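Here are some short exercises to help you find your way around a new structure. Try each task yourself, then follow the worked solution step by step.

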Amino acid sequence: MNKAMPSYWPSGLELSDTASPMNILLDACNEWKTNSEGLLDLVMQTGQSNSGNDMIFVHVKHIPTNRTASLLSIVMRPGLPYPARLQPFEEDLPNIFKKEYPKRDSRFGISAASQALKTLESFEVNQWVAETPSEFRSKLAEAFNLGSTKSIILSLLAVDECAEMIERSEQSSQETDTRHKGDYEEDVSG
């Protein structure tokens, strides 16, 4: 009798990849600088949550103007990089600015009661928890590809263009005023 021996090594565990979330974020930072041609940088700030967990706050910085916007935060147990929970700021957006959001059930009676039972029986899946470096990379890429993240980046860049347009408009207006003032002075004196 030849019985197959069970493997006691955790399946899928690779010891060649032990990068921490901060190391992965530093790699992402280099990629952002390169792909934005030096316009954008990721800035990481460490801190603690109200419950004492370690946190990393990730901001995007528009280098020419020094303006920053918050993109997401990462929560980990103290001193342990995994599991890590990513918290994109999309969750803070009001529903009116989200492309998709859970619809409220306004029905009453038996159907509402059966819906409540389904809620009690179901589990809530936390899609943003990463237990390994490869999962963290995947979820980080997913968070950076959220529409809300893209909107924050484009808003940061668009405000700069808007400020330039306003500045050009003000300069043009001042030049026009100076010309009109000169025309008026010629009319009054002539």
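**Exercise 1.** Find where P83 sits in the chain, and work out what kind of peptide bond joins Y82 and P83.

*Solution.* Step 1: P83 belongs to the loop between strand 3 and strand 4. Helices (H or I, at least four residues) and strands (E, at least two) are DSSP runs, numbered from the N terminus. Step 2: the bond joining Y82 and P83 is a cis peptide bond, with omega about 0°.

A word on the source: this is a predicted model, in which local features need pLDDT of at least 70 and side-chain atom pairs count only at pLDDT 80 or more, while totals for chains, interfaces and linings use all residues. Residues are numbered from 1 along each chain as its sequence is written, and side-chain values use heavy atoms, with hydrogens and water left out.

**Exercise 2.** List the secondary structure elements of the protein chain from the N terminus on.

*Solution.* Step 1: the protein chain has four helices and five strands. Step 2: read from the N terminus on, the elements run α-β-β-β-β-α-β-α-α.

**Exercise 3.** Work out the order of the strands in the sheet, and say which strands stand at the edges.

*Solution.* Step 1: the five strands make an open sheet in the order 1-2-3-4-5, with antiparallel pairing. Two strands count as paired if DSSP finds at least two bridges between them. Step 2: strand 1 (40-48) and strand 5 (129-130) each have a single partner strand, so one side of each is left without a neighbour in the sheet. As background, strands of a sheet pair through backbone hydrogen bonds, either parallel or antiparallel.

**Exercise 4.** Follow the pairing from strand 2 to strand 3, then from strand 3 to strand 4, and then from strand 4 to strand 5.

*Solution.* Step 1: nine bridges connect strand 2 and strand 3 in the antiparallel sense, and here I56 stands opposite I74 in strand 3. Step 2: these two strands form a hairpin with four residues between them. N66 in the turn has a positive phi of about 65°, although N66 is not a glycine. Step 3: strand 3 and strand 4 run antiparallel and are joined by five bridges; V75 has R85 of strand 4 as its bridge partner. Step 4: strand 4 (residues 84-88) and strand 5 also run antiparallel, joined by two bridges. A84 has A130 of strand 5 as its bridge partner, and R85 stands opposite V129 in strand 5.

**Exercise 5.** Which side chains along strand 4 are buried, and which are not?

*Solution.* Step 1: buried means under 20% relative accessible area, exposed over 50%, and partly exposed in between (1.4 Å probe, protein chains only). Step 2: A84, L86 and P88 point to one face and are buried, while R85 and Q87 point to the other and are not. Step 3: the general pattern is that in a regular strand the side chains alternate between the two faces of the sheet. Step 4: now look at strand 3, where seven of the 10 residues are buried, so strand 3 is largely enclosed by the rest of the structure.

**Exercise 6.** Find the strands that helix 1 lies across and those that helix 3 touches.

*Solution.* Step 1: helix 1 (residues 21-35) lies across strand 1, strand 2 (54-62), strand 3 (67-76) and strand 4, and runs at about 160° to strand 1. Step 2: helix 3 (residues 133-144) packs on the sheet, touching strand 1, strand 3, strand 4 and strand 5. The direction of helix 3 makes about 5° with that of strand 4. Axes are lines fitted to C-alpha atoms, for helices over the stretch in contact, and angles run from 0 to 180 degrees between N-to-C directions; contact means heavy atoms within 4.5 Å.

**Exercise 7.** Describe the surroundings of F57.

*Solution.* Step 1: F57 is in strand 2. Step 2: at 25% relative accessibility, F57 counts as partly exposed. Step 3: leaving aside neighbours within four places in sequence, F57 is in contact with V43, M44, Q45, G47, L72 and S73. Step 4: F57 and S73 are 16 residues apart along the chain, and 4.3 Å separates their C-alpha atoms.
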